[in-house]
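Visitor: Please take a close look at one part of this model for me. Pick a single residue, show me its setting, then work outward.

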Amino acid sequence: LWALAGLFWWRAVVEERPRAWYSFALVVALSVYAKYVVLLLVGVLGLFTLVTPRGRAALTRWDPWLAGLLCIVLVAPHLNWVVDTSFSTLGYAFSHGEKATSTLVRLYFCLTFLAAQIVQHGMLIVLLLLTVGFGRLKPRTELVIDGRQVPAFEQMALLTMAFAPIATALVVNFVVGGEFRQGRGTALFAFSGIA
């Protein structure tokens, strides 16, 4: 669902296919029912859309707004249940793991989460080192996908999708002061290889 949310956002904003907003809304609604972690990606993509001229241009049509309304309608029963249960799902999400007793422990929790994500990306990092090469083994420096130069906006969008959710998770982890389990970062890997 994480990967599909990114794909449909890409189609809507980068490829300028307005009807993709409806697929994005449906996937986000399904994701909310499955796991709240998708809200990290939705927040990052929302902010990216608002701060870039091309993203803001995508919001000038009716499609993203109608799709947003569709998403709210689809998620409304769940939101109603969350309110009826006194936000028990959020309480559950923050009740697991150790709680930080100092700033140093908060930093430790963030660093262990980050270290786990780096280890999880270990083979991807090795592959990157092999493809980037060194000295005479270094390939051309241009980034080419399907025979075309990737525009700066697309590069920035991919890097944002790959790394901003992990950075946001680290900041939230530090602010909340709870131990963010390393396994919860798995959904954040969907765009690492592409980036």
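Guide: Ser192 sits in the segment after helix 9. Keep in mind that this is a predicted model. Is Ser192 buried or exposed? Ser192 counts as buried, because its relative accessibility is 8% and the cut-off for buried is under 20%. What does Ser192 touch, leaving aside residues up to four places away in sequence? Its contacts are His121, Leu124 and Ala162.

Now the helices. Helix 8 spans 122-132 and helix 9 spans 152-176. Helix 7 covers 103-120. Each of these three helices supplies at least two residues of a nonpolar surface patch. That patch has an area of about 1000 Å². Among its members are Leu104, Leu107, Leu111, Leu114 and Ile118. Ile125 and Leu129 also belong to the patch. So do Val171, Val172, Phe174, Val175 and Val176.

Take one member of the patch. Leu114 is found in helix 7. Its relative accessible area is 30%, so Leu114 is classed as partly exposed.

Next, the cysteines. Cys110 is buried, with a relative accessible area of 8%. Cys71 also counts as buried, at 15% relative accessibility. How many disulfides are there? The count comes to zero. A disulfide is a covalent bond between the sulfur atoms of two cysteines.

Last, the charged pairs. A search of the whole structure finds three salt bridges.

Glu15 pairs with Arg17, and their closest N and O atoms are 2.8 Å apart. Glu15 is partly exposed at 38% relative accessibility. Arg17 is partly exposed too, at 42%.

Arg54 forms a salt bridge with Glu16, with 3.7 Å between the closest N and O atoms. This pair links distant parts of the chain, 38 residues apart. Arg54 lies in helix 4 (residues 53-58). Glu16 lies in the loop between helix 1 (2-13) and helix 2 (20-34). Arg54 is partly exposed, with a relative accessible area of 28%. Glu16 is exposed, at 55%.

Arg61 bridges to Asp63, the closest N and O atoms being 3.3 Å apart. Arg61 is partly exposed, with a relative accessible area of 46%. Asp63, in contrast, is buried at 13%.

Back to the start: Ser192 is buried, and His121, Leu124 and Ala162 are its contacts beyond four places in sequence.

Technical notes
Residues are numbered from 1 along each chain as its sequence is written. This is a predicted model: local features need pLDDT of at least 70, side-chain atom pairs count only at pLDDT 80 or more; totals for chains, interfaces and linings use all residues. Side-chain values use heavy atoms; hydrogens and water are left out. Patches are made of residues with over 30% relative accessible area and no salt bridge: like charges are joined within 9 Å, nonpolar side chains (Val, Leu, Ile, Met, Phe, Trp, Tyr) within 5 Å. Accessible areas come from the Shrake-Rupley method with a 1.4 Å probe; for residues, only the protein chains shown count as cover. A salt bridge is a side-chain nitrogen of Lys or Arg within 4 Å of a carboxyl oxygen of Asp or Glu. Helices (H or I, at least four residues) and strands (E, at least two) are DSSP runs, numbered from the N terminus. Buried means under 20% relative accessible area, exposed over 50%, partly exposed in between (1.4 Å probe, protein chains only). Contact means heavy atoms within 4.5 Å. A disulfide is a pair of cysteine sulfur atoms within 2.5 Å.
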